[in-house]
Amino acid sequence: MPELPEVEVVRRGLATHVEGRTIDAVELRGHRVARRHVAGPDDLAGRLAGRRVAAVRRRGKYLWWDLEDDLGLLLHLGMSGQLLVEAHGAPDEKHLHARFRFADAGPELRFVDQRTFGGLALGDLDAAGVPVAIAHIAPDPLEPAFDRDAVVRRARASASGIKRVLLNQSVVSGIGNIYADEALWRAGVHGDRPASALTRPRVAAVLDHAADVMREALGQGGTSFDALYVNVNGASGYFDRSLAAYGQAGRPCRRCGTPIRREQFMNRSSYSCPRCQPRPRLRASAGPRA
Ligand SMILES: [Zn+2]
């Protein structure tokens, strides 16, 4: 699953290729790619033709084109979606679902998805320029709209474990399992610690670490564990070599040498250092908490 840095890499690549260009025609193959567009693929293609891509934007892991007139095209990459810039006449990919041709007759853009979990959806933008469909998603730590103090307040109002709060897209978006584990390792906080029991500076530090680690990943082209996922130019990320906690079970902690542990977390895994990130002790006696 792509995380925020990978999606930002895609956004930057896309911005280079499509910003300022006018869509000439869109070819949609099958209904799945437009399944989130209720009026169907023909309607979607018809409404996109002639529109100018004013900007390519992102919030968390969501990517959209600002098509002016408060209209946006959301691009869901799903687990395996790829956006490829191709010359006209290049052989079609086996799992080609959408082809954008532009009025300038330059390279076309193709949406290829082996598992068809991704797709396109056209919809209104709200007053902040965010698609109404994702208006419930909170700003991510790399956005100008991100209000760290407000997020710290919201987080500390929750008795949930800090990791759960970090993954709650209505509090802060774009922090997935990998970056949550990295941020918590850097901050020396176990993910099960109730957010309400952490000090304000501690929560702020966790958020700052999350932003830092995502910025570092961005500098390296993103993280990717899925061979099917590549960025807009076809290059995979390689940040995984820099991870200190995530996926490092059994390897020595870079800070203290204690082997990194893996624990069950929801239906996934959490990685942490048993020594730098002690498990909360009073959980059982604290009673049930929402
Ligand atoms: Zn350690």
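Contact here means heavy atoms within 4.5 Å. The model is predicted. The protein has six helices and ten strands. Of its 290 residues, 53% are buried. Two nonpolar cores, an open sheet and helix α5 are the topics below.

**Overall figures**
- The exposed area of the protein is about 13,300 Å². Carbon and sulfur atoms supply 49% of that area.
- Take the contacts with a separation of 6 or more: residues 24 or more positions apart account for 64% of them.

**The largest nonpolar core**
- In soluble globular proteins, nonpolar side chains tend to be buried together.
- The largest nonpolar core here has 40 residues. Ile-162, Leu-166 and Ile-175 touch the most other members.
- Helices α3 (148-156), α4, α5 and α6 each supply at least two residues of this core.
- The most comes from α6, which gives eight residues.
- Ile-162 touches Leu-184, Val-189, His-190, Gly-191, Arg-193, Ala-195, Leu-198 and Val-203. That list leaves out residues up to four places away in sequence.
- Another core lies apart from the one that holds Ile-162. This other core has 30 residues, among them Leu-14, Ile-23, Phe-111 and Leu-120.

**Helix α5**
- Helix α5 spans residues 177-187 and is mostly covered. Ten of its eleven residues are buried.
- The buried set includes nonpolar residues such as Ile-178, Leu-184 and Trp-185. Asn-177, Asp-181 and Glu-182 also belong to the buried set.
- Which elements do the buried residues of α5 pack against? Three are helices: α1 (4-18), α4 (162-166) and α6 (200-219). The others are strands β9 (261-265) and β10 (268-272).
- Gly-188 follows α5 and has a positive phi, near 70°.

**The four-stranded sheet**
- Four strands form an open sheet in the order β1-β6-β7-β5, with antiparallel pairing.
- Its edge strands are β1 (23-28) and β5 (81-86), and each pairs on one side only.
- Neighbouring strands of the sheet are turned by 15° against each other on average, direction ignored.
- Helix α1 packs on the sheet and touches β5, β6 and β7 (108-113). The direction of α1 makes about 30° with that of β5.
- Five bridges join β1 to β6 (residues 96-102), and the two strands run antiparallel. Ile-23 stands opposite Phe-102 in β6.
- Helix α2 (residues 41-48) lies across β1 and β6. This helix runs at about 165° to β1.

**Phe-100 in strand β6**
- Phe-100 sits in strand β6.
- Why does Phe-100 count as buried? Its relative accessibility is 0%, and buried means under 20% relative accessible area.
- Phe-100 is in contact with Ile-23, Ala-25, Val-26, Leu-48, Trp-65, Leu-73, Glu-108, Leu-109 and Leu-120, leaving aside its neighbours within four places in sequence.
- Among these partners, Ile-23 and Leu-120 are also members of the 30-residue core.
- Phe-100 and Ala-49 are 51 residues apart in sequence. In space, their C-alpha atoms are 9.2 Å apart.

Note on methods: Residues numbered from 1 in each chain as written. Predicted model: local features only at pLDDT ≥ 70, side-chain atom pairs only at ≥ 80, totals over all residues. Heavy atoms only, no water. Buried < 20%, exposed > 50% of the residue type's maximum accessible area, 1.4 Å probe, protein only. Pairing = 2+ DSSP bridges. Axes fitted to C-alpha atoms, helices over the stretch in contact; angles between N-to-C directions. Areas by Shrake-Rupley, 256 points an atom, 1.4 Å probe, with all protein chains shown as cover. Core = buried A, V, L, I, M, F, W, Y, C linked by side-chain atoms within 4.5 Å.
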